Amino acid sequence: MAKAVEIRRLARDDDRSSFSCGQPDLDRFFEHYAGQNQFKLHLAVTYVAVMEGRIVGFASVAASALERSNIPNARLRRRLPIYPLPVVRLARLGVDRRAQGLGIGKALLRHVLEQAVDQRDRLGCVGVVTDAKAGAVRFYEALGFVPLEGVRKGVLPGEPLPMFLAIETVASTIER
Ligand SMILES: CC(C)(COP(=O)(O)OP(=O)(O)OC[C@H]1O[C@@H](n2cnc3c(N)ncnc32)[C@H](O)[C@@H]1OP(=O)(O)O)[C@@H](O)C(=O)NCCC(=O)NCCS
């Protein structure tokens, strides 16, 4: 990444109207719902990447839970209890088209993984989950995400694929 990028929490007065990542549903979410989800409903927190004073990417994260039966790694599954397991959900990720391919998506994801390790240490967290859009599955696979157990068969072509990254892998990824 040649230019300096700052990653910080979304602020109430951030201009979100000109952001465009090429996925209208993500752009609409960022412009109209990211703020209320963070400041009014407390459902999620959005982190933004800022380059030269402009928002060039965002990642929304939330606390969530996963059933043990959805953990993809059989060895890990056997070690975990049967009640819902704490995870960090990467709910939305988008990089403005004018800034794609510069490493901003990867930097935002790294920031989310750091939040997950922090959550592990403060509240408990067994991994990160996301619903990967069809065009982004390989982006997540390259970072070690794998489909949730038993979901691949039920996902129709073009539908998002639920994916998981175990907290041990999260920790080793951010230490690299
Ligand atoms: C997918 C997205 C977030 C990637 O962000 P980005 O800033 O362009 O990606 P980066 O520049 O950080 O790329 C990091 C790596 O992932 C690769 N990559 C980027 N987009 C990819 C994709 N769609 N599929 C596979 N690999 C991808 C890059 O080649 C790069 O590889 P390298 O580390 O070997 O050089 C961005 O293209 C985007 O917002 N797309 C539209 C919305 C979307 O699909 N969001 C994901 C929703 S689940």
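Helix 3 (residues 104-122) packs against helix 5 (residues 167-175) in this predicted model. Their axes are 9 Å apart and meet at an angle of about 125°. That angle makes helix 3 oblique to helix 5. An open sheet of seven strands is also present, with mixed pairing.

**Helix 3 and helix 5**
- The crossing of helix 3 past helix 5 is left-handed.
- Helix 3 contributes Arg110, Leu113, Glu114, Ala116, Val117 and Arg120 to the contact.
- Helix 5 answers with Ile167, Val170, Ala171, Thr173 and Ile174.
- By class, this contact holds seven nonpolar, one polar and three charged residues.

**The sheet**
- The strand order is 1-2-3-4-5-7-6.
- Strand 1 (5-9) and strand 6 (146-147) stand at the edges.
- Each edge strand has a single partner strand, so one side of each is left without a neighbour in the sheet.
- Strand 4 (residues 85-95) pairs with strand 5 (residues 127-132) in the parallel sense.
- Three bridges join strand 4 and strand 5.
- Leucine 90 has threonine 130, in strand 5, as its bridge partner.

**Helices on the sheet**
- Helix 1 (residues 24-39) packs on the sheet.
- Helix 1 touches strand 2 (45-51), strand 3 (54-66) and strand 4.
- The direction of helix 1 makes about 135° with that of strand 4.
- Helix 5 lies across strand 5 and strand 7 (161-166).
- Helix 5 runs at about 70° to strand 7.

Terms used:
Residues are numbered from 1 along each chain as its sequence is written. This is a predicted model: local features need pLDDT of at least 70, side-chain atom pairs count only at pLDDT 80 or more; totals for chains, interfaces and linings use all residues. Axes are lines fitted to C-alpha atoms, for helices over the stretch in contact, and angles run from 0 to 180 degrees between N-to-C directions. Helices (H or I, at least four residues) and strands (E, at least two) are DSSP runs, numbered from the N terminus. Angles under 35 degrees count as roughly parallel, over 145 as roughly antiparallel, 65 to 115 as roughly perpendicular and the rest as oblique. A crossing is left-handed if the near helix is turned anticlockwise from the far one by less than a right angle, and right-handed if clockwise. Two residues are in contact if their C-beta atoms, placed from the backbone, lie within 7 Å. Ala, Val, Leu, Ile, Met, Phe, Trp, Tyr, Cys and Pro count as nonpolar, Asp, Glu, Lys and Arg as charged, and the others, Gly among them, as polar. Two strands pair if DSSP finds at least two bridges between them.
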